[in-house]
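Grab a pencil and open the viewer. Here are some exercises to work through, each with a solution you can check step by step.

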Amino acid sequence: MIPETPGSQNQPPGGSPERSSAWYEDLDIYQVHVRTFFDSNNDGVGDLRGLTEKLGYIRDLGVGAVWLQPIFPSPLQDGGYDVTDFRNIHPDLGTLDDFNVFLTRAHDVGLRVIIDLVVNHTSREHPWFQSARLGPGSPFHDYFVWSPTPDRYAQARIIFPDTESSNWTLEPSCGLYYWHRFYSHQPDLNYENPRVQEEILDVVRFWLDLGVDGFRVDAAPYLFERDGTTCDNLPETHAFFRELRKVVDTYAPPRMILAEANQKIDDLMSFFGRGDEFHTAFHFPLMPRLFMSVHQENARPLVEILSSAPRLPEGCQWAMFLRNHDELTLEMLSEEERAYMLSAFGATPSMRFNLGIRRRLWPLMMGGRRQIELLHGLILGMPGSAVFYYGDEIGMGDDLQLGERFPVRTPMQWSPERNAGFSGAETSRLTVPVVRMAEYHYAGRNVESLDRLPTSFLNWFRRMIKTHREVRAFRSREARLVETDNPHILAFEREKEGETVLCVYNLSRFVQPVFLRLAAWRGRVPMEVIGGQSFPTIEVRPYFLSLGPHSFIWFRLHSSSLTPS
């Protein structure tokens, strides 16, 4: 038995550590930008007390965890991912006491708490860098990566080509260049320095001791550098994450780490190690192909990525997502695929940022509810944790008049009242303006209004999460593709503990017929999961279905002896 650690008494109920060891494998996660979620003190900025007030809403969505974007002190030049203190709370958001109250209340209502962990870099304003910039004699100089010239590591790509022309920036105070994979105001930490590694591991222990359930680890591939390489996914980086995992594994009940690693599928697989690195990782290769398949009305992009992914190590799982706080990234696609996505979903320059598309889910899909339901059905039906971005459940839009990534980070829309019920502050004081564009105006897209409408997407979303949680087979770790005779149709089955679920999706805007090869389940009776309607018994010959436009069906495959009369 792993010994108890400080803070673990605040964990949500879930049985013994042994029974809870895979709690993250089928977890539905709600992503929150605290600064724009709910303002409790009417200063125009969302805060931890406001988030605590809204925990009932998050719980009632049916999700099992809430993920908080960075809550650390920061000058906010990159939405909080430019950190000046890894062990504290940004004063706009509250205090450590406020965080502890939030954490306890979240656990009380059965929600796990995942926080962002920024391991690759700091802010230029972090005290470490302010010391380091004075030169090699300063105490923290070797906490960062320096060079007398800007030509080292030339094979490393520039991740933000719209804003940065180099991964090096000259520091006038010492006449040396410092390394940064992201913005020039975010100097990279020097992981060749053992003191840096221990500093970050101590940060991990600090938050685990408080009782957080896990971390979304930001920018995981880029910790180490080496000449003659792309500086991505180096063995040394993976060695550090194995050490981080060892620290996490000393805590009980079990905690988890989730990798943000925007890499091609083979490189992404390396972040699971042999089951001794990350517990889970965002499925970046799949995400753009979800949109591609729906737009092309063809299952091929999904079939290709699902059939090419190697089997995950035991105890590991994917995190499935549609949109988040960043642009819809296209950097790992081929040139042809990227051109297609930009043409289909980012037609104007205002929609583009770096190598991606800065749009929320609903405007990205031009408000097509059937398509949006289909996309949700896909990420819920596939193996892994489904991660949902705040506001997508009420059809929030974006504001392309805002700069950089702010179009998709506008305040949560709670009511048709002033400021969408987000804050009682004067409108001019809001941290980001609320959406007022006609089609997505907060007056028509808010929690209060949609909650009262039985047919709203919000209530559909709640029903789907509830259904997903009730189906045992959705907790399996694999999906097996089912052969069809129609390229518009994607079908796969999942099985766990004797329960089998068949998932069938029509990616077309038209009604589609399909024959499914289901002979392996002959004698079984498909029962539609949501409505409980029985369909004809499966026989040896191909099984016929007809699906409506952009629709999907989940079936339990019952043995005929268990089928209700």
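## Exercise 1: the second largest cavity

By class, the second largest cavity is lined by six nonpolar residues, one polar residue and two charged ones. Keep in mind that this is a predicted model.

**Task.** Which residues line the second largest cavity, and which class does each one belong to?

**Solution.**
- Step 1: list the lining. It consists of Leu322, Arg323, Leu361, His376, Ile379, Val387, Phe388, Tyr389 and Asp392.
- Step 2: sort the names. Leu322, Leu361, Ile379, Val387, Phe388 and Tyr389 go with the nonpolar class, Arg323 and Asp392 with the charged class, and His376 is left as polar.
- Step 3: check against the tally of six nonpolar, one polar and two charged residues.
- Step 4: assign the elements. Helix H13 (369-381) and strand S14 (385-389) each give two or more residues to this lining, and S14 gives the most, with three.
- Step 5: add the volume, which is about 40 Å³.

## Exercise 2: the largest cavity

**Task.** How many cavities of 30 Å³ or more are there, and what is the volume of the largest cavity?

**Solution.**
- Step 1: count. The model has two cavities of 30 Å³ or more.
- Step 2: take the largest cavity, which holds about 360 Å³ of space.
- Step 3: go to its middle. Of the 26 residues lining the largest cavity, Phe160, Phe182, Glu260, Asp326 and Arg405 are the closest to its centre.
- Step 4: look at the classes. The lining of the largest cavity splits into twelve nonpolar, six polar and eight charged residues.

## Exercise 3: an open pocket

**Task.** Which elements each supply at least two residues to the lining of the second largest pocket?

**Solution.**
- Step 1: start with the volume of the second largest pocket, about 370 Å³.
- Step 2: find the centre. Out of 17 lining residues, the closest to it are Leu306, Trp318, Pro383, Glu478 and Ala479.
- Step 3: name the elements. Helix H10 (300-308), strand S10 (317-321) and strand S15 (480-481) each supply at least two lining residues.
- Step 4: sort by class. The lining of this pocket has twelve nonpolar, one polar and four charged residues.

## Exercise 4: backbone oddities

**Task.** Glu497 and His550 both have a positive phi. Is each one buried or exposed?

**Solution.**
- Step 1: recall the background. Most residues other than glycine have a negative phi, and most peptide bonds are trans.
- Step 2: take Glu497, whose phi is near 50 degrees. Glu497 sits in the loop between strand S16 (489-496) and strand S17 (499-506). Its relative accessible area is 61%, so Glu497 is exposed, the cut-off being over 50%.
- Step 3: take His550, with a phi of about 45 degrees. His550 is in the loop between strand S20 (543-547) and strand S21 (552-559). Its relative accessible area is 10%, so His550 is buried, the cut-off being under 20%.
- Step 4: look at a peptide bond too. From Ala252 to Pro253 the bond is cis, with omega near -10 degrees. Pro253 belongs to the loop between helix H7 (235-248) and strand S8 (256-259).

## Exercise 5: two open sheets

**Task.** Which strands are the edges of the three-stranded sheet, and which are the edges of the five-stranded one?

**Solution.**
- Step 1: write the order of the three-stranded sheet, S4-S6-S5, with antiparallel pairing. Its edges are strand S4 (146-147) and strand S5 (168-171), each pairing on one side only.
- Step 2: check a pair. S4 is joined to strand S6 (residues 176-179) by two bridges, and Ser147 stands opposite Tyr177 in S6.
- Step 3: write the order of the five-stranded sheet, S15-S16-S17-S21-S19, again antiparallel. Its edges are S15 and strand S19 (524-528).
- Step 4: check a pair here as well. S19 and S21 share five bridges, and Val525 stands opposite His558 in S21.

## Exercise 6: the nonpolar cores

**Task.** Which residues touch the most other members of the largest nonpolar core?

**Solution.**
- Step 1: in this core of 150 residues, they are Phe99, Trp207 and Phe291.
- Step 2: helix H6 (residues 194-210) gives the most to the core, with eight residues.
- Step 3: zoom in on Trp207. Leaving out residues up to four places away in sequence, its contacts include Ile71, Phe86, Leu96, Phe99 and Phe215.
- Step 4: a second, separate core has 16 residues, among them Val504, Tyr543, Leu545 and Ile553.

Conventions. Residues numbered from 1 in each chain as written. Predicted model: local features only at pLDDT ≥ 70, side-chain atom pairs only at ≥ 80, totals over all residues. Heavy atoms only, no water. Helix = DSSP H or I, 4+ residues; strand = E, 2+ residues; numbered from the N terminus. Buried < 20%, exposed > 50% of the residue type's maximum accessible area, 1.4 Å probe, protein only. Pairing = 2+ DSSP bridges. 1 Å grid on protein atoms, 1.4 Å probe; cavity = no way out; pocket = protein on both sides within 12 Å on 5 of 7 lines; lining within 4 Å. Points joined across faces, edges and corners; volume = space filled by probe spheres on them. Core = buried A, V, L, I, M, F, W, Y, C linked by side-chain atoms within 4.5 Å. Contact = heavy atoms within 4.5 Å.
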